[in-house]
Amino acid sequence: MTLVAHPLTVILLSPLAAALVIMAVPRRNLLAVRLIAAAATSICLLLSGQLCLVYLREGLRGLQFADRAAWVVDPGISYFVAADGVSLSLVLLTALVIFCGVFASWTVVYRTKEFYCLLLLLVTGVFGVFVSQDLFFFFLFYELAVLPMYLLIGIWGTGPKEYSAMKLTLYLLAGSAFMLVGILGMYFAAALPAGAPRTFDLTVLSQAEYSRGFQVVAFLLLYIGFGILAGIWPLHTWSPDGHASAPTAVSMLHAGVLMKLGAYGVLRVGLGCLPEGAHAWLWLMGAIAVVNIAYGAYVAMGQRDLKYVIAYSSVSHMGVVMLGLAASNEVALNGAVLQMFSHGIMTGLFFALVGLVYEKSHTRDIEAMGGLARQMPGIAVAFTIGGLASFGLPGTSGFVAELLVFLGAFRAHWQSYTIGGVPLFPILAVGAVVAIVVTATYVLRVLQRVFHGPLDEARYGEVGDARTTEWVTLVVLGSLLVVIGVYPSPLTDLIGRSVGSLVVP
Amino acid sequence: MMAEMLRQLRPELLTLAAALVVILADLVQTGGSRKWLGWFAAAAAAAIAASLIGRWPGLAAPVSLWGGAVVLDRLGLVFKGIFLLGVAVTAIGSADFAAERFRHLGEYYALLFFSALGMMLMASAGDLLTLYLGLELSTLSLYVLTAYAKESPRSGEAGLKYVILGATSAAVYLYGASLIYGSAGTTVFAAVAQRVAWQGFGPGLMVGIILVLAAFGFKIAAVPFHMWAPDVYQGAPTPVTGFLSTASKAAGFAALMRVLMGPMLEAASGWVVFVVAISGLSMVVGNLLALSQRDIKRMLAYSGVAQAGYALVGVAATSSLGTLATTFFLAQYLFTNLGAFLIVTMVGSSARDDQITSYHGLSRRNPALALALLVLLLSLGGIPPLSGFWGKLFLFWAAIRSGLYGLVLIGVLASVLSLYYYLMVARAMYIEPAGGREPVRLQPSAVAAVVVCVLVVVGLAYPGPLLELARRAATAFF
């Protein structure tokens with residue numbers, strides 16, 4: 001039994017409603033603005049957590065909690081939301097990150113009202129993408145998730161913020177242009193049962209037949225379109241600039257959740273509807289994924305700006321997700337979705353921590369820091385946990401996710417893809433595992449340079465640890481990384497029940 | 001018989017009457033504020049537009065008058081609604097502006113009505129000559145309106161440019177029409193259609209069609225016939241620019257569809273390639289040239305060139321779906337673009353120039369105004385769920401169904417490009433500091449018109465009813 005009727009619609013509407021209410025609050029009343037945002041995101045968190053529990057406890061499968069209303073009858077557009085295990089786990093992730101994001105933005109004092117308004121609008125879009133089962137609304141929510149980013153980075157960002165904001169927006173909108181053509185193509189190319197009206201309904205489109213030629217073209221369009229948002233090399237360049245320039249909560253949300261929209265789109269629309277097309281391109285996806293892992297990690301190693309290190313580590317970790325999707329058997333897909341979840345929590349934590357360190361020490365230059373663990377032990381501990389999860393130490397969530405992805409990749413026997421008689425995917429998996437070693441190097445380098453070594457007393461003698469609301473993010477996200485690492489079965493169970501239907505045969 | 005004809009033409013006659021009444025009303029009043037004239041003109045236009053609803057049931061089958069010289073059908077009716085609403089919004093929007101700037105107020109509104117009357121004739125034309133009469137009436141009125149700000153040399157220059165290029169395009173139209181007449185032996189569309197169906201189309205007819213297409217390319221400001229648009233848009237009084245860029249453009253499309261889809265449908269295999277080329281070029285070139293503009297009116301002029309390219313996608317689809325899409329697109333574009341120009345009017349009147357720098361910090365100075373402009377610009381950029389998105393969606397939808405994949409890809413990518421310059425305005429309003437600029441002085445009448453426009457643009461997120469209307473109207477040719 002869910003707490004409220006139409007739980008998914010409530011999850012969608014509460015941030016939107018909060019954004020509208022905030023618009024009406026007097027500009028000076030900062031506390032009210034923050035509390036409204038916190039209340040709305042608490043509702044989302046509570047509901048999505050409970051939905052996951054219900055889904056698990058009642059042994060549900062497939063799409064559940066559906067709400068449906070016709071929007072435009074003739075082109076066949078309807079508001080149709082429903083969630084399966086994959087959607088639910090990502091909704092939970094979004095709710096967690098935005099909940100923490102609201103607290104991480106507690107110190108935003110410049111144009112606070114507008115900031116929270118845009119943040120809540122954006123998160124409405126993210127929730128919408130994860131639960132839409134109508135491709136049309138899927139697209140609509142996708143755009144809603146991208147656009148507020150322009151102002152969020154442009155107004156509250158740091159560094160070359162206008163440039164980064166415009167670059168990010170145009171890259172992602174170019175991606176959405178590819179998506180739109182792919183989606184319209186699917187709408188027309190789907191061979192439906194005789195007499196059935198054309199529709200954007202994803203459940204219908206995933207059952208429909210498409211010609212092989214169409215699938216090959218359409219999958220490539222969708223892969224490029226979604227891939228841009230997922231940060232695939234070489235279309236990733238918007239991501240480090242964007243993440244580094246964005247304010248803390250926006251980086252958290254963007255790297256933590258928005259990049260997952262891209263991977264989720266490839267999974268749900270690409271693999272789910274166009275398996276034959278996917279089959280033609282999975283070798284490319286797999287190869288680019290390994291480039292992502294290795295290149296992201298390698299570039300992260302050379303950064304001096306702490307935020308850029310984390311931003312490039314996101315590019316690297318999204319490679320793991322894409323490798324799982326490319327291997328596309330049940331184990332690998334489960335690992336990929338778990339990696340989305342794990343990376344979302346981890347990178348959310350990282351960006352929150354970088355924000356805190358910057359706020360207190362007024363620098364993001366790694367070379368200029370050192371020994372900060374003495375001044376901010378809590379932050380240092382949380383950073384260490386995140387770092388360990390980042391290179392997949394057993395006992396952290398990163399380990400479980402990466403293990404599943406690599407196992408899946410080793411098991412993927414794609415007879416058609418071979419290099420000199422050896423199947424491709426095991427080779428890719430070996431490459432990826434080697435690249436993870438580089439991850440360990442850059443994480444440890446950052447930990448050592450920033451938190452250990454001699455402390456510059458004159459400069460950092462006065463800086464303190466996290467305070468009051470800042471602890472929320474550290475405690476929630478940090479402990480989750482460990483909890484999932486030690487006891488991953490609820491989450492893998494939740495995901496595992498739904499990825500079966502998305503496996504490419 | 002005569003009474004029946006007059007009944008059929010009641011909207012046109014009422015429009016004519018409204019024009020005359022406005023002039024007379026202006027003569028009667030000698031002193032005091034004459035702002036009410038704008039409201040009066042708007043109310044009259046809106047009332048005539050509302051009266052069109054009564055004509056809808058009677059036009060389930062087209063009615064032909066004077067041996068086919070005028071054809072009344074539902075598509076024409078929808079376009080007449082678009083023009084009259086355009087007059088209404090422009091009249092409200094310029095009530096304050098015009099009362100402050102112009103000495104001859106009655107004529108200003110009368111010219112708007114005359115222009116709309118010409119457009120209505122274009123939308124109902126069943127004959128090449130009727131079409132020409134409508135074209136001339138609407139364009140002549142617009143020449144005068146463009147040059148209406150007599151104290152501004154720019155306005156006069158814009159009027160002159162518009163006259164010269166407009167006259168050239170009218171000549172091109174006449175030459176094309178004469179070639180069509182020479183080939184088909186008649187100027188009545190229905191008869192031309194029969195000839196084309198029997199005899200196929202020869203080179204004379206084809207050249208005729210291309211010349212007519214070029215003439216309307218001028219009216220809708222499509223590449224390569226767009227060069228007048230930036231200068232004229234920049235120089236004309238801003239509310240007139242708004243009217244010019246929306247209603248006049250819609251009239252060009254109404255006429256273009258009348259010619260191409262009616263008599264020339266059989267010859268589509270010959271002319272579609274030209275429409276596709278003009279459409280693709282307009283989308284790409286219009287958006288590229290808009291990128292570097294510093295003056296918002298010039299930027300919107302180039303954006304309007306690109307928007308004409310989008311609307312042409314529906315014409316290129318040559319299907320009832322395409323007609324529907326173009327009609328829907330133009331209807332929503334009227335409100336989107338007119339709303340944007342009315343905001344530009346207010347900011348321009350306050351700041352005394354139309355540079356994008358005048359918009360710096362607008363979100364701090366006039367938050368509601370900035371939000372309204374943001375919404376309208378995002379709609380122009382095709383961001384869901386605003387009306388412009390649906391307009392483009394239906395266009396691309398029609399094009400895919402007609403197999404024009406390349407055009408759709410160009411259109412979608414050009415849309416992304418266009419967001420760059422729309423976002424540059426957003427950047428000026430939201431990110432740049434105000435730098436000591438004063439809040440914009442709001443003109444109550446323009447604010448009212450902008451509110452209407454924004455409500456329409458946002459309300460069309462639920463496009464069902466307008467879509468259904470356009471769908472029923474679009475069966476005119478197929």
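Colleague: At what angle do the axes of helix H15 (residues 397-411) and helix H16 (residues 424-451) of chain A cross?

Modeller: They cross at roughly 150°, and the axes come within 7 Å. Axes here are lines fitted to C-alpha atoms, for helices over the stretch in contact, with angles from 0 to 180 degrees between N-to-C directions. This is a predicted model: local features need pLDDT of at least 70, side-chain atom pairs need 80 or more, and totals for chains, interfaces and linings use all residues. Residues are numbered from 1 along each chain as its sequence is written, with chains lettered from A and ligands numbered from 1 in the order written.

Colleague: Why is H15(A) called roughly antiparallel to H16(A)?

Modeller: Check the angle classes: under 35 degrees is roughly parallel, over 145 roughly antiparallel, 65 to 115 roughly perpendicular, the rest oblique. The crossing is roughly 150°, which makes H15(A) roughly antiparallel to H16(A).

Colleague: Which residues of H15(A) meet H16(A)?

Modeller: Glu402(A), Phe406(A), Ala409(A) and Phe410(A). Their partners in H16(A) include Phe425(A), Leu428(A), Val433(A) and Ile436(A). Contact means C-beta atoms, placed from the backbone, within 7 Å. By class, there are ten nonpolar, no polar and one charged. Nonpolar covers Ala, Val, Leu, Ile, Met, Phe, Trp, Tyr, Cys and Pro; charged covers Asp, Glu, Lys and Arg; the others, Gly among them, are polar.

Colleague: What makes H3(A) count as mostly covered?

Modeller: In H3(A), 20 of its 20 residues are buried. Buried means 20 or more other C-beta atoms within 10 Å of the residue's own; exposed means 12 or fewer, and partly exposed lies in between. H3(A) runs over residues 85-104 and reaches 28 Å from first C-alpha to last, close to the 28 Å expected. The expected span is 1.5 Å times one less than the number of residues.

Colleague: Why is H16(B) called largely enclosed by the rest of the structure?

Modeller: Ten of its 14 residues are buried, so the label holds. Among them are Leu369(B), Ala372(B), Val375(B) and Ser379(B). The cover includes helix H13 (296-316), helix H14 (320-351) and helix H19 (444-459) of chain B. H16(B) spans residues 367-380 and reaches 20 Å, close to the 20 Å expected. Just after H16(B), Gly382(B) takes a positive phi of about 80°.

Colleague: What makes chain B as compact as a globular protein of that length?

Modeller: First, chain B has 20 helices and two strands. Helices are DSSP runs (H or I) of at least four residues, strands (E) of at least two, numbered from the N terminus. Its radius of gyration is 21 Å, close to the 23 Å the globule rule gives for 478 residues, so the label fits. That rule is 2.2 Å times the number of residues to the power 0.38, with the radius taken over C-alpha atoms. Of those 478 residues, 61% are buried.

Colleague: What radius of gyration does chain A have?

Modeller: Chain A has 22 Å, and a compact globule of 505 residues would be near 23 Å, so the two agree. Chain A has 19 helices and four strands, and 62% of its residues are buried.

Colleague: How many residues does each chain give to the contact?

Modeller: Chain B gives 22 and chain A gives 21. On the chain B side, H18(B) gives the most, with eleven residues. That side has 18 nonpolar, two polar and two charged residues.

Note on methods:
Two residues are in contact if their C-beta atoms, placed from the backbone, lie within 7 Å.
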